[in-house]
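Visitor: I would like to walk through this model with someone who can say, for each term used, what value stands behind it.

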Amino acid sequence: MAGSARVDQHREGDVLIVTMVNPPVNTLGRPLRRDLLAALENAEADPTIKAVVVTGRGNFSAGADLAEFDSGEGLAEPTLHLTIAGYLDSMKTPTIAAITGVALGGGLELALACSARIAERDSRLGLPETTLGFMPGAGGTQRLPRAIGIEAALDLIMTGRSVDGSQALSMGLVDAIDSDVIAAAIAMAARLAASASASANANAKPRLRDDAVEEPLAEALVEAARRSAARNPRVNAGVLDALAALSAAVTLPFDKGLAREFELFRSLALQPEARAARYRFLSERAAGRVPTPDESTTPVSRAAVVGAGTMGRGITLALLGAGVVTTIIDTDLERVDSAVAAIAAELERSVSKGRLSGRQRDEQLASLTGVVGLDGAADVDAVIEAVFEDLQVKIDVFAQLDSIARPGTILASNTSSLDLNLIAGATKRPESVVGMHFFSPANIMKLVEVVNGAHTAPATLASTVALAKRMKKIPVVAEVGPGFIGNRIFDQYLRQANSLVLEGLEPSRVDRVLEAWGMAMGPFRVLDVIGNDVPWMARRAAPGAKDPAWAIADAVAERGWFGRKSGIGWYRYAADGSSSPNSEVGSLYSPGRGDRAIDDAEIVERCVLAMVREAADVLEAAIAASSADVDTVMVNGYGFPARHGGPWFFASDLGFDRANRAMVKWARVTSDPFWEPSTFLRSREDRPTP
Ligand code: NAI
């Protein structure tokens with residue numbers, strides 16, 4: 001049997017093997033769902049087929065095609081939820097899921113609707129929906145607790161974590177593990193077919209729907225989880241709805257529970273928060289795609305980090321976590337030693353928090369060396385430089401690296417503001433020089449702007465992106481330009497906040513309003529963390545006339561109010577860690593004396609649209625390749641609220657026309673040339689797509 005475009009079918013005796021073929025991960029888009037259902041229907045109608053093995057080429061399935069939920073196809077027939085899973089339940093022919101690679105989300109739900117499951121030891125199984133603000137909707141919340149018990153089901157669904165084949169076997173999620181899942185499934189098929197035909201019962205094959213969640217404490221456990229989730233403001237709607245569906249699983253008959261799950265799932269799928277979450281997921285995945293084939297990338301197994309300060313330490317931790325043997329370099333032994341000690345202490349902290357095993361700590365420590373001098377970079381695949389933010393210092397370092405590092409070594413700079421092309425120019429191999437702009441703390445923050453210099457070779461760029469991914473980062477490619485993508489856009493947000501203070505608003509009010517809107521931290525709190533001296537010095541060094549918008553920020557810095565590090569900035573910091581607004585800032589402007597009342601909506605609109613306005617220029621200048629990249633940067637590096645998707649997604653939701661009109665208004669009201677209309681923005685009308 002040849003099968004259809006997305007499903008391959010062949011027979012082994014009286015067993016039909018149905019293989020999903022929708023590379024790379026067999027997302028269950030509508031065409032695949034159609035072909036799969038047709039294959040199952042044909043098998044059921046054929047009396048010579050005694051059992052069906054459902055499998056996938058490469059991977060079993062990574063689940064739903066998220067993009068379909070925005071096009072409307074996601075909930076179109078045949079749905080995975082009711083139609084396919086329901087059909088599997090109704091079939092007399094036993095079905096066995098043979099799982100290789102990933103069975104995630106809808107993929108695992110498909111497997112759960114089969115009569116039995118066999119997985120490879122290193123396959124990954126899980127229901128990650130809630131991590132995207134979403135919930136399982138194809139029976140996962142009903143069948144999983146029946147398979148593995150309510151406690152384990154609560155854990156898997158609420159954390160979204162996945163398990164490997166062995167763990168899946170021990171929790172009862174699969175019936176067997178095997179290195180040849182197809183052969184094992186065929187053998188199991190024969191057994192199931194024999195017992196089905198021997199039974200008088202027409203539907204004698206095992207079905208999870210026929211089991212009940214027979215645990216005395218099931219209801220209480222779900223209720224306790226629900227109460228604690230409802231109290232936690234960081235818990236998203238997906239988790240809450242999944243819990244409501246799990247509650248249905250333990251209190252209602254199977255079909256009623258299934259209907260409840262689908263109802264919750266459908267209404268959640270249509271909510272803006274879930275739409276933003278899907279967009280973010282797809283954007284983050286698209287951000288790591290570079291147009292160079294993987295074959296030309298250099299795998300990095302040894303690296304050197306130059307500069308053992310704040311950033312160098314964090315970068316080293318991220319490299320060690322990725323299994324890269326790392327040498328950390330500084331100019332004197334004391335600095336090197338204190339960095340190595342700090343890294344060891346951080347690994348120890350991870351062990352005590354249960355994030356790392358003792359063995360992993362030992363392995364990572366064994367992979368770490370600290371040395372004085374750049375000779376430590378002689379025999380590595382990549383060097384990441386994180387020395388002082390001083391062009392001459394960096395130029396000296398790169399000139400030396402040029403004579404020390406072997407040919408082909410990736411030479412990356414973590415500069416946040418210097419011109420990468422000038423740094424590359426210090427070497428005779430600018431094709432190997434690239435930017436890796438990490439965010440602090442570099443072992444935690446996910447974003448890395450991978451900066452493509454004027455001469456960076458495509459293979460260098462691709463290798464750097466691959467390295468960043470291995471370090472579990474989200475790499476976004478940026479072209480060279482002041483502030484790359486993120487700092488350039490965020491700077492306009494900070495500037496707008498400063499303009500509002502100049503117009504008479506209290507900094508703490510601006511912070512409060514933007515935090516209530518969802519920014520991780522208000523702009524003045526951010527400035528106190530960065531240190532008010534840092535942007536002040538940069539402004540003083542910049543050529544051209546002074547920008548009046550920064551007048552108060554300059555005055556704050558001139559008074560030595562540098563922020564947290566000096567105990568006083570826009571806020572005062574007490575020894576016990578508490579803070580309160582620095583009332584003396586009020587003497588630097590005219591609090592409350594603006595000639596018009598400014599409401600909270602204006603604060604949000606001006607600060608957020610300032611990012612949109614700057615993003616338009618960033619996109620027009622092709623510093624960022626797509627609006628999805630801009631949004632990925634702002635959400636993952638700058639605390640932009642995830643539920644709003646990113647500034648560009650926010651603007652598209654608001655409507656670009658409305659955004660443009662608002663900008664015209666702020667240009668008129670504030671006489672600030674920044675709000676000059678953007679023709680690029682005016683020509684936008686579509687929803688952003690990753
Ligand atoms: P830091 O001052 O904590 O550390 C710099 C280290 O480099 C010091 O230990 C210094 O001794 C060492 N160093 C200086 N010259 C050296 C040389 N020739 N050879 C070897 N080591 C040398 O600075 P931080 O904050 O870690 O920043 C480092 C770089 O990372 C800068 O380029 C900065 O712009 C960038 N960056 C910093 C961020 C932050 O939040 N701190 C965020 C993103 C980028």
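**Terms and the values behind them**

Visitor: α13 seems a good place to begin; what makes α13 stand out in the shell around the ligand?

Guide: In this predicted model, helix α13 gives the most to the shell around the ligand, namely 3 residues. Helix α13 (310-321), strand β12 (325-330) and helix α16 (391-404) each supply at least two residues of that shell.

Visitor: How do you know which residues surround the ligand, and which are the closest?

Guide: A residue is taken as near the ligand if its C-beta atom, placed from the backbone, lies within 6 Å of it. With that cut-off, 23 residues surround the ligand, and the closest are Gly307, Gly309, Met311, Glu389 and Ser440. By kind, the shell divides into 11 nonpolar, 9 polar and 3 charged residues.

Visitor: What does the UniProt record say about residues 303-478?

Guide: The unreviewed UniProt entry annotates residues 303-478 as "domain: 3-hydroxyacyl-CoA dehydrogenase NAD binding". In the model, that span is 41% helix and 23% strand, and its end C-alpha atoms lie 23 Å apart.

Visitor: Which residues does the record list for the C-terminal domain, and what is their helix and strand content?

Guide: For "domain: 3-hydroxyacyl-CoA dehydrogenase C-terminal", the unreviewed UniProt entry lists residues 483-573 and 603-682. Residues 483-573 are 58% helix and 3% strand, with end C-alpha atoms 29 Å apart, while residues 603-682 are 70% helix and 0% strand, with end C-alpha atoms 23 Å apart.

Visitor: How is the protein divided into domains?

Guide: The division gives domain 1 (7-270), domain 2 (302-481) and domain 3, which is made of 485-623 and 655-690. The centres of domain 1 and domain 3, taken over C-alpha atoms, are separated by 48 Å.

Visitor: Why are α24 and α27 called roughly perpendicular?

Guide: Helix α24 (residues 600-620) and helix α27 (residues 656-670) pack at an angle of about 110°, with their axes 11 Å apart. Angles of 65 to 115 degrees count as roughly perpendicular, and α24 and α27 are therefore described in that way. As for handedness, α24 passes α27 in a left-handed crossing.

Visitor: What makes the peptide bonds before Pro24 and Pro78 cis?

Guide: The bond from Pro23 to Pro24 has omega near 0° and is cis; Pro24 is found in the loop between β3 (15-20) and α1 (30-45). Between Glu77 and Pro78 the bond is likewise cis, with omega about -5°, and Pro78 sits in the loop between α2 (68-71) and α3 (80-90).

Visitor: What is notable about the phi of Asn26, and where does Asn26 lie?

Guide: Phi of Asn26 is near 55°, which is a positive value in a residue other than glycine. Asn26 lies in the loop between β3 and α1, where Pro24 is also found.

Key:
Residues are numbered from 1 along each chain as its sequence is written. This is a predicted model: local features need pLDDT of at least 70, side-chain atom pairs count only at pLDDT 80 or more; totals for chains, interfaces and linings use all residues. Domain bounds come from an automatic or database domain assignment. UniProt positions are given in the numbering used here, feature names are shortened, and annotations may be inferred rather than shown by experiment. Helices (H or I, at least four residues) and strands (E, at least two) are DSSP runs, numbered from the N terminus. Ala, Val, Leu, Ile, Met, Phe, Trp, Tyr, Cys and Pro count as nonpolar, Asp, Glu, Lys and Arg as charged, and the others, Gly among them, as polar. Axes are lines fitted to C-alpha atoms, for helices over the stretch in contact, and angles run from 0 to 180 degrees between N-to-C directions. Angles under 35 degrees count as roughly parallel, over 145 as roughly antiparallel, 65 to 115 as roughly perpendicular and the rest as oblique. A crossing is left-handed if the near helix is turned anticlockwise from the far one by less than a right angle, and right-handed if clockwise.
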